[in-house]
Amino acid sequence: MRTTNLNINECLNLLNTNEHIPLLQDVLSLIDGQVLIDIEVKETKKIKEITDKLMSTLKHYNGNVVIKSFSPKIIKHLKNIDNSYTYGLLMKQKYKNKIKELFMKSNLALSYCNPSFLAISKKLAKTNRFQKLRKIYDIYIWTFQNPDELENYKQYGDYYICNNLPYEKQTKIK
């Protein structure tokens, strides 16, 4: 969900075009439960405004949705609003803020937001920490660029997120 200084209900145009970036409610209406919707909530200072709007938009949608964020605070806030969704914590190898890096690399972040799954950078997939955590959480590994690269990681994760792979190859690993 993208936010700017614009009113949250205003449409944005695709770069150098008159085409509008669709609102989430329009995408949900178009998809109509046909496929899983994977929503990433970007880090923001407007957590309450963004998460309330997201949950309001999803309220009457009957399709499958997973929601993830790099922010444990956002995941915790979303779960407090509606715990019926599947929530994932996105994790990467390095963080600009050293305090956040310590928090994310400890299990404090996991205890704080209690996600349903972890979505991790492929650089983390082979580490002992995440292979141990795999006994507790489903591990989604991102982002693969080709089938050979994906093949090298199948034993380390449960699901994967891909770019540039044909649709038929983008299925559950197990």
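**Exercise 1. A salt bridge between loops**

Is Asp158 buried or exposed? Determine also which residue Asp158 pairs with, and where the two partners lie in the chain.

*Solution.* The model examined here is a predicted one.

Step 1. The relative accessible area of Asp158 is 2%. Buried means under 20%, so Asp158 is buried.

Step 2. The side chain of Asp158 forms a salt bridge with that of Arg134, at 3.3 Å from N to O. This pair connects distant parts of the chain, its members being 24 residues apart. Arg134 belongs to the loop between α6 (128–133) and β5 (138–144), while Asp158 belongs to the loop between α7 (147–151) and β6 (159–162).

Step 3. A general principle applies here: side chains of opposite charge can pair when their charged atoms come close.

**Exercise 2. A salt bridge within a helix**

Find which residue pairs with Lys48 in a salt bridge, and state why the two are separated by about one helical turn.

*Solution.*

Step 1. The side chain of Lys48 meets that of Asp52 in a salt bridge of 2.6 Å, N to O.

Step 2. Both residues lie in helix α2 (residues 47–58); because they are four residues apart there, about one helical turn separates them.

Step 3. Consider the accessibility of each partner. Lys48 has a relative accessibility of 54% and therefore counts as exposed. Asp52, at 30%, counts as partly exposed.

**Exercise 3. Further salt bridges**

State how many salt bridges the structure holds, and describe the one formed by Glu151.

*Solution.*

Step 1. The structure holds nine salt bridges.

Step 2. One of them joins the side chains of Glu151 and Lys154, at 3.5 Å from N to O. Lys154 counts as partly exposed, with 33% relative accessibility.

Step 3. Elsewhere, salt bridges with shared partners join Lys98, Glu101 and Lys105 into one network.

**Exercise 4. Two helix crossings**

Classify the orientation of α2 relative to α3 and that of α1 relative to α2. Then list the residues in each contact.

*Solution.*

Step 1. The axes of α2 and helix α3 (residues 72–81) come within 10 Å of each other and cross at roughly 45°. Angles under 35 degrees count as roughly parallel, and those from 65 to 115 as roughly perpendicular. The crossing of α2 and α3 belongs to neither class, and the two helices are therefore oblique to each other. The crossing is right-handed.

Step 2. On the side of α2, the contact is made by Ile47, Lys48, Thr51, Asp52, Leu54 and Met55. On the side of α3, the residues are Lys73, Ile74, His77, Leu78 and Ile81. Sorted by class, the contact of α2 with α3 comprises six nonpolar, two polar and three charged residues. Lys48 and Asp52, which meet in a salt bridge, both take part in this contact.

Step 3. The axes of helix α1 (residues 24–31) and α2 also come within 10 Å, and they cross at roughly 25°. This angle is under 35 degrees, so α1 and α2 are roughly parallel. Here, too, the crossing is right-handed.

Step 4. Leu24, Gln25 and Leu28 of α1 make this contact with Leu54, Thr57 and Leu58 of α2. Its residues divide into four nonpolar, two polar and no charged. Leu54 of α2 appears in the contact with α3 and in the contact with α1.

**Exercise 5. Backbone geometry**

Which peptide bond is cis? What is phi of Asn16, and what is phi of Asn114?

*Solution.*

Step 1. Most residues other than glycine have a negative phi, and most peptide bonds are trans.

Step 2. The peptide bond from Trp142 to Thr143 is cis, with omega near -15°. Thr143 is placed in strand β5.

Step 3. Asn16 is not a glycine, and its phi is positive, near 60°. Asn16 lies in the segment before α1 and counts as exposed, at 75% relative accessibility.

Step 4. Asn114, likewise not a glycine, has a positive phi of about 45°. Asn114 lies in the loop between α5 (108–113) and β4 (117–121) and counts as partly exposed, at 46% relative accessibility.

**Exercise 6. A glycine in a loop**

Locate Gly157 and state whether Gly157 is buried or exposed.

*Solution.*

Step 1. Gly157 lies in the loop between α7 and β6.

Step 2. The relative accessible area of Gly157 is 0%, so Gly157 is buried.

Step 3. The C-alpha atom of Gly157 is 9.6 Å from that of Ala119, and the two residues are 38 residues apart along the chain.

Note on methods
Residues numbered from 1 in each chain as written. Predicted model: local features only at pLDDT ≥ 70, side-chain atom pairs only at ≥ 80, totals over all residues. Heavy atoms only, no water. Salt bridge = Lys/Arg side-chain N within 4 Å of Asp/Glu carboxyl O. Buried < 20%, exposed > 50% of the residue type's maximum accessible area, 1.4 Å probe, protein only. Axes fitted to C-alpha atoms, helices over the stretch in contact; angles between N-to-C directions. Parallel < 35°, antiparallel > 145°, perpendicular 65-115°, else oblique. Left-handed = near helix turned anticlockwise from the far one by under 90°. Contact = heavy atoms within 4.5 Å. Nonpolar A, V, L, I, M, F, W, Y, C, P; charged D, E, K, R; others polar.
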